[in-house]
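Here's a short set of exercises to work through with the coordinates open. Try each one yourself before reading the solution.

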Amino acid sequence: MADILFWSDLRQRLDGVLVGQQAMSIGDYMSISSAVSLHVQRAKAEMAAEEVRQWVAAYVNGHLAVVARQLQALERGAPLIAAYVAQWQYFAQASLALSGSLSRAVGSGMREAMAQAWYTKVFRPVAATVASAAVALVDNARKEGGVDDPQLLSALHSVLAELRPTYAPELPRGQPLGVYFAWYLEPYARASVRHIDSCTSHLRAPGSTREYIRLVTRLIGDEERRAEAYLRAESVESLRCVLSQRFVAGSLAAIHAEAALMFSCMEDLRSVFCLLRRVPADRAAMQPLRDAFKAHVAQHTLAAMPSLAELNPQGASVASLAFARNAVDWLLAELGRHRAMAARCFDSEPGFSAALLAGLREALNSSQFMGPDHSQLVQAPRLLAGYFGLLLQADSALSLELAAAHPTGFEDAIESRARDALQLCELVNSKDKLMRHYRSLLARRLITDSSAGAELERAVVAMLTPLTGIENTYHVRAMLADMSLSQNMSKQYQSSLSSESLDVSVKILRHSLWSDSLVPESSPELIVPRQASAACDRLAELYNDRHASSRSGRKLQWQWAYSKATIQLYFPHSVGRIAQTGYTVIANAYQLAILALFTDASCLGSAAQQLMPSQISRSVKLNLAVVNTELSVLMRAGILVSNSETGAVMMNSGFNSRRVRIDISGVKRMRQETAEYKARIDLRADSNRFDQVRSAIMVEMKRHSSLHHAKLLSLVAARVERVFLVERSVFKLAIGSLTEGDYIRRKEDDFNVYEYVV
């Protein structure tokens with residue numbers, strides 16, 4: 001009788017919890033626990049706990065079967081979803097409370113058993129209907145812009161995610177959200193695919209790719225935003241992969257072909273980028289677009305490059321490189337335009353930034369750069385060296401403009417411009433040739449005292465060193481150091497002169513560093529006026545005393561072509577205010593020697609009146625061609641005049657000029673970069689490259705002992721790529737040279753493998 005009353009009481013209590021869905025307190029659950037515990041203790045049998053467990057399971061199964069029938073009877077749509085969510089939420093809460101209250105009497109495992117019963121009795125019969133109702137609501141949202149109650153769908157996927165695969169034996173164990181993915185996300189994804197398919201089916205024909213890209217980009221974006229509202233956050237990426245695989249990866253060839261034609265429309269190009277970015281990285285879907293961007297940059301740069309006439313509107317000589325400023329400014333602006341395009345269309349993705357630089361590198365090193373008619377004169381290495389020359393030359397238009405614009409920060413402005421130009425230098429393949437042209441222009445600035453400053457020169461060389469390699473800036477750094485030593489020696493020399501002597505400034509430079517830039521002296525035995533000769537003798541004495549102990553065999557060799565002097569000339573029949581004080585004339589050493597014949601009685605016993613060019617040549621030991629050149633300069637200035645009958649020249653005693661200071665020196669005769677000079681630079685560069693490749697081969701062979709031809713080539717190329725690109729012909733010559741010298745040999749059983757000979 002007691003047992004009958006117990007089961008009746010337990011049913012009544014459970015009816016209140018599950019059927020009536022009454023609000024139960026902790027005390028109510030504790031009373032259930034106490035009643036069951038009392039029954040088990042009174043029965044004093046191990047089977048009593050199992051009997052209660054089975055009875056509760058049967059009761060729950062019966063109750064859930066009723067719940068399932070009630071749900072199936074509801075109208076499909078929001079009412080069904082709301083009822084399902086409400087039933088599960090209450091059942092989950094009640095099962096948690098019941099399993100906790102009964103666990104002391106009947107043991108653990110009640111909660112899992114009740115969840116398993118829900119999955120079997122409720123979820124399986126109605127899940128498909130609930131999922132299809134939810135997908136139908138989303139489909140309706142696609143047409144009308146949204147659902148009436150978005151929170152309902154959010155609650156649904158939260159409820160579904162609570163059913164773990166442990167309650168659903170047929171689902172994969174590795175998926176913690178197995179029920180949610182299998183019963184809701186997969187139907188949702190299929191519905192998304194159907195929707196996009198129906199909207200784009202008419203654009204699958206050839207010729208409609210651009211419209212297809214625009215529409216698919218918009219539709220996938222809409223689906224992602226919708227998924228963020230109606231799906232769990234961790235499943236949005238899964239949906240994105242499904243859609244990308246279906247609508248992007250399956251049309252890559254057509255998308256890439258169309259993208260190559262889109263560079264005039266940034267919005268379309270960005271659409272392509274956004275589409276391809278959705279494809280998994282392992283598919284390498286982005287690389288063809290990067291290659292197309294690289295080709296576009298190279299082609300656009302070459303096609304849009306202004307003509308030489310546009311870059312050089314003043315009509316200056318091409319050899320003067322005056323147009324280098326406009327050309328470099330245009331290239332930097334072009335780089336900026338392409339970077340803006342990469343930022344707008346490709347979010348400055350590293351792969352596209354690298355493609356941009358590769359495309360500009362291809363254009364800068366192309367034989368078509370600046371047009372085929374001027375390729376020899378304006379190749380990128382020489383052009384950039386010319387820009388640095390204009391930047392660091394104190395009297396250039398660019399330097400003067402920067403000085404006027406930045407009176408207190410001139411050095412910073414120069415360094416800023418130099419850093420901008422370094423972006424282009426980094427793209428030049430022949431950095432060794434760049435430094436050779438730079439060295440030539442540096443020599444011109446230092447010899448003619450037209451440099452913007454030694455500190456600025458050193459600062460720019462320090463910027464170039466990491467880019468071109470320390471071996472390629474060694475010569476330039478040595479020239480700057482040599483000029484600094486020369487200035488110190490010049491100060492010592494000036495302090496050794498008596499106060500009555502001439503004010504003399506000299507440059508004492510090493511021949512090995514400067515011979516490439518200076519014109520060889522054609523008249524080393526030139527006879528200069530006695531005052532200048534005495535100053536030269538004093539310098540030679542000081543120099544010999546300084547180096548006597550080293551026994552180095554050093555000797556001074558005067559470079560008269562780069563020497564000049566300031567003299568005061570008086571003309572007997574000159575009239576006017578200036579005639580009384582005399583004219584200040586700046587003349588080079590050749591002109592000074594010629595004028596001395598007409599003004600210094602010690603030269604020929606008396607001041608000469610008229611002299612033939614041949615007499616002048618013999619008297620001062622000056623090349624006749626140079627004599628004729630300097631006489632023409634002096635006669636154009638009006639200082640000398642010519643006898644039209646005899647051809648002899650004489651002083652113009654009646655010389656008059658409005659200028660007090662007259663500069664006729666023209667001491668800027670550096671080596672002209674003629675075709676022959678450029679050929680010599682190229683030849684020397686090739687020789688240096690050969691030596692560097694040969695050294696790199698030896699380093700790698702010593703390290704590895706044995707290397708395949710292709711592997712050795714790649715290692716050598718990587719070692720010198722910062723300075724120049726290894727040509728196969730140079731590599732083969734270096735290999736041949738080392739093989740003949742028995743430094744390396746080919747392996748007997750494999751002709752393509754080299755071995756190091758110890």
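**Exercise 1.** At 46% relative accessibility, does Arg 218 count as buried, partly exposed or exposed?

*Solution.* Keep in mind that this is a predicted model.
- Step one: the cut-offs are under 20% for buried and over 50% for exposed, with partly exposed in between.
- Step two: Arg 218 has 46% relative accessibility, so Arg 218 counts as partly exposed.
- Step three: look at the partner, Asp 222, whose side chain meets that of Arg 218 in a salt bridge (3.7 Å, N to O).
- Step four: Asp 222 also counts as partly exposed, at 22% relative accessibility.
- Step five: place the pair. Both residues lie in helix H8, four residues apart, which is about one turn of the helix.

**Exercise 2.** Find the residue that forms a salt bridge with Glu 211, then work out how the two sit in their helix.

*Solution.*
- Start with distances: the closest N and O atoms of Glu 211 and Arg 214 are 2.9 Å apart, and the two form a salt bridge.
- Next comes the spacing. Helix H8 covers residues 209-230, and because Glu 211 and Arg 214 are three residues apart in it, about one helical turn separates them.
- Then check the exposure: Glu 211 is partly exposed with a relative accessible area of 41%, and Arg 214 is partly exposed too, at 35%.

**Exercise 3.** Which strands hold Glu 755 and Arg 745, and how many residues apart are they?

*Solution.*
- Begin with the contact itself: Glu 755 and Arg 745 form a salt bridge, with 3.4 Å between the closest N and O atoms.
- Now locate the ends. Glu 755 sits in strand E8 (residues 750-756) and Arg 745 in strand E7 (residues 744-747), 10 residues apart, so the pair links distant parts of the chain.
- For exposure, Glu 755 counts as partly exposed at 22% relative accessibility, and Arg 745 counts as partly exposed at 46%.
- Finally, zoom out to shared partners: Arg 210, Glu 211, Arg 214 and Asp 268 are joined into one network by salt bridges. Searching the whole structure turns up 18 salt bridges.

**Exercise 4.** Why is Cys 345 in no disulfide?

*Solution.*
- First, the total: the structure holds zero disulfides.
- Cys 274 is a handy place to start, as its nearest cysteine sulfur, that of Cys 345, is 9.6 Å away.
- Now turn to Cys 345. Its closest cysteine sulfur belongs to Cys 265 at 8.6 Å, which is too far for a bond; the cut-off is 2.5 Å.
- Both ends of the Cys 274 comparison are buried: Cys 274 has a relative accessible area of 17%, and Cys 345 has 0%.

**Exercise 5.** Which residues touch the most other members of the largest nonpolar core?

*Solution.*
- Take the 142 residues of that core and count neighbours: Leu 289, Phe 293, Tyr 438, Ile 616 and Ile 639 come out with the most.
- Ask where the core comes from, and helix H14 (residues 324-346) gives the largest share, 11 residues.
- Pick Ile 639 for a closer look. Leaving out residues up to four places away in sequence, its contacts include Leu 569, Phe 571, Met 650 and Ile 664.
- Don't stop there: a second, separate core has 28 residues, among them Ala 117 and Tyr 119.
- For context, 46% of the chain's 758 residues count as buried.

Note on methods: Residues are numbered from 1 along each chain as its sequence is written. This is a predicted model: local features need pLDDT of at least 70, side-chain atom pairs count only at pLDDT 80 or more; totals for chains, interfaces and linings use all residues. Side-chain values use heavy atoms; hydrogens and water are left out. A salt bridge is a side-chain nitrogen of Lys or Arg within 4 Å of a carboxyl oxygen of Asp or Glu. Buried means under 20% relative accessible area, exposed over 50%, partly exposed in between (1.4 Å probe, protein chains only). A nonpolar core is a set of buried Ala, Val, Leu, Ile, Met, Phe, Trp, Tyr and Cys residues joined through side-chain atoms within 4.5 Å. Contact means heavy atoms within 4.5 Å.
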